[in-house]
Amino acid sequence: LVVIAIPTDDLALQVLRNVRKVNRTVKVLVRCRFEACISQLISAGASQVVSEEQEASGPLLRWCEQHFET
């Protein structure tokens, strides 16, 4: 298992490509900042991608829902 969790999506893509050059079968989890990068990372060989935008939207929406319920 390889986990790539670095601050820039471009660098994460470069690391992923290098990992795939060394090992085509290893599972690779990539954390990216922007949802727009998910398809590019999947195409480059990521097994799973977690986007900060997606993960942050859940708590934001829950807070808004709680705020408007009161």
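Asp9 sits in helix α1, which spans residues 9-22. The model is a predicted one, and this acidic residue is a good place to enter it.

Is Asp9 buried or exposed, and which side chain of opposite charge is nearest? Asp9 is buried, and the nearest such side chain is that of Arg31, 5.1 Å away. A salt bridge needs a side-chain nitrogen of Lys or Arg within 4 Å of a carboxyl oxygen of Asp or Glu. Asp9 has no salt bridge.

Asp9 does have a polar atom of another kind beside its side chain. The backbone nitrogen of Phe34 lies 3.1 Å from a polar atom of the Asp9 side chain. Phe34 also appears among the contacts of Asp9. Neighbours within four places in sequence set aside, Asp9 touches Cys32, Arg33, Phe34 and Cys37.

Now follow Arg31. Side chains of opposite charge can pair when their charged atoms come close. Arg31 pairs with Glu52 in a salt bridge, with the closest N and O atoms 2.5 Å apart. Arg31 belongs to strand β2 (residues 28-32) and Glu52 to helix α3 (residues 52-69), so this pair ties together parts that are 21 residues apart in sequence. Arg31 has a relative accessible area of 22%, so it counts as partly exposed. Glu52 is partly exposed too, because its relative accessible area is 33% and the partly exposed class lies between 20% and 50%.

Glu52 has a second partner. It forms a salt bridge with Arg33, where the closest N and O atoms are 3.7 Å apart. This pair also links distant parts of the chain: Glu52 lies in helix α3, while Arg33 lies in the loop between β2 and α2 (38-43), 19 residues away. Arg33 is partly exposed, with 36% relative accessibility. Arg33 is also one of the residues in contact with Asp9.

How many salt bridges does the structure hold? There are two. Arg31, Arg33 and Glu52 are linked through them in a network.

Last, turn to a nonpolar part of the surface. Leu1, Val3 and Leu29 form a patch there, and together they have about 300 Å² of accessible area. Leu1 is placed in the segment before β1 (2-4). Why does Leu1 count as exposed? Its relative accessible area is 77%, and exposed means over 50%, so Leu1 falls in that class.

To retrace the route: Asp9 is buried without a salt bridge, Glu52 bridges to Arg31 and to Arg33, and Leu1 shares a nonpolar surface patch with Val3 and Leu29.

Conventions
Residues are numbered from 1 along each chain as its sequence is written. This is a predicted model: local features need pLDDT of at least 70, side-chain atom pairs count only at pLDDT 80 or more; totals for chains, interfaces and linings use all residues. Side-chain values use heavy atoms; hydrogens and water are left out. Patches are made of residues with over 30% relative accessible area and no salt bridge: like charges are joined within 9 Å, nonpolar side chains (Val, Leu, Ile, Met, Phe, Trp, Tyr) within 5 Å. Accessible areas come from the Shrake-Rupley method with a 1.4 Å probe; for residues, only the protein chains shown count as cover. Helices (H or I, at least four residues) and strands (E, at least two) are DSSP runs, numbered from the N terminus. Buried means under 20% relative accessible area, exposed over 50%, partly exposed in between (1.4 Å probe, protein chains only). Lys and Arg count as positive and Asp and Glu as negative; His and the chain ends are not counted. A polar contact is a pair of N or O atoms within 3.5 Å; within protein, one must be able to donate a hydrogen and the other to accept it, and residues adjacent in sequence count only if both atoms are side-chain atoms. Contact means heavy atoms within 4.5 Å.
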